[in-house]
Amino acid sequence: MKQPEASISSNKFSVWEADHECWKCLKTTKVYAISINDQLLKNISSLSDEAVQALTPISKTFFRDKSGMAESTYYMNHCEHCGTKQGDWFLHMEPDGVFWGEHERRLSSSHQIPIDAEISF
């Protein structure tokens, strides 16, 4: 199993929500990203139990799954309509990705979650 490259402990993180078109069914779906100190994180391999419990009521479509493209398992978005994986590369790294670029994000809301969280990516 690939070891995480970094680990962060924080007493607060934010969950960003945005609309994204699913690449498979072409329907608009909600996607989520975690940020600490306004820095969006991607390819999150593990979360503390407290973080998972805080995220579950916000999104049932953001969960740990295997990415064939990234050859790793991490917390990723899934289409709320067809269940297809929405990989972090396409959401965070592509110029037209909804979480690409600090000033161009098309975010609809954020949720501040004040808990102690351990996040590895």
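This report walks through a few spots in a predicted model of a protein chain.

## Glu-17 and Tyr-32: a buried pair

Let's start with two residues that sit on separate strands. Glu-17 belongs to strand S2, which covers residues 13-21, while Tyr-32 is part of strand S3, residues 28-36. Are they buried or exposed? Glu-17 has a relative accessible area of 14%, so it counts as buried, because the cut-off for that label is anything under 20%. Tyr-32 falls under that cut-off too, with a relative accessibility of 7%, so it is also buried.

What joins their side chains? It's a polar contact of 3.4 Å between Glu-17 and Tyr-32.

## Who else does Tyr-32 touch?

Tyr-32 has plenty of other company. Setting aside residues up to four places away in sequence, Tyr-32 touches Val-15, Trp-16, Glu-17, Ile-58, Ser-59, Thr-61, Phe-62, Asn-77 and Phe-99. Take Ser-59 from that list: Ser-59 is 27 residues from Tyr-32 along the chain, yet the C-alpha atoms of the two are separated by 7.8 Å.

## A three-stranded sheet

Now for a sheet. In general, strands of a sheet pair through backbone hydrogen bonds, and they can do so in a parallel or antiparallel way. Here, 3 strands make an open sheet in the order S6-S7-S8, and their pairing is antiparallel. Which strands are at the edges? They are S6 (62-67) and S8 (85-86), each of which pairs on one side only.

Let's look at how S7 meets S8. Strand S7 spans residues 72-78, and 2 bridges join it to S8, with the two strands running antiparallel. If you want to find a particular spot, look for Asn-77: opposite it, in S8, stands Gln-86. You've already met Asn-77, as one of the residues that Tyr-32 touches.

## The second largest pocket

The strands of this sheet also help to line a pocket. S6, S7, S8 and helix H2 (88-93) each give at least two residues to the lining of the second largest pocket. Which of these supplies the largest share? That would be H2, with 4 residues.

How much space lies in the second largest pocket? About 240 Å³. Its lining is made of 17 residues, and those nearest the centre are Ser-67, Met-69, Tyr-74, Gly-87 and Trp-89. Sorted by type, the lining residues come out as 8 nonpolar, 5 polar and 4 charged.

## His-92 in helix H2

Staying with H2, let's pick out His-92, which lies in this helix. His-92 is buried, because its relative accessibility is 8% and the cut-off is under 20%. Beyond its neighbours within four places in sequence, His-92 is in contact with Ala-33, Leu-40, Leu-41, Lys-42, Phe-99 and Trp-100. Phe-99 may ring a bell, since Tyr-32 touches Phe-99 as well.

## Cys-22 in a loop

The last stop is Cys-22. Where is Cys-22 found? Look in the loop between S2 and S3. Despite being in a loop, Cys-22 has a relative accessible area of 0%, so it counts as buried.

Leaving out neighbours within four places in sequence, the residues in contact with Cys-22 are Lys-27, Thr-29, Cys-79, Cys-82, Thr-84 and Gln-86. Gln-86 takes us back to the sheet, where it stands opposite Asn-77. Along the chain, Cys-22 and Gln-86 are 64 residues apart, and their C-alpha atoms are separated by 7.2 Å.

Key: Residues numbered from 1 in each chain as written. Predicted model: local features only at pLDDT ≥ 70, side-chain atom pairs only at ≥ 80, totals over all residues. Heavy atoms only, no water. Buried < 20%, exposed > 50% of the residue type's maximum accessible area, 1.4 Å probe, protein only. Polar contact = N/O pair within 3.5 Å; in protein donor to acceptor, adjacent residues only side chain to side chain. Contact = heavy atoms within 4.5 Å. Pairing = 2+ DSSP bridges. 1 Å grid on protein atoms, 1.4 Å probe; cavity = no way out; pocket = protein on both sides within 12 Å on 5 of 7 lines; lining within 4 Å. Points joined across faces, edges and corners; volume = space filled by probe spheres on them. Nonpolar A, V, L, I, M, F, W, Y, C, P; charged D, E, K, R; others polar.
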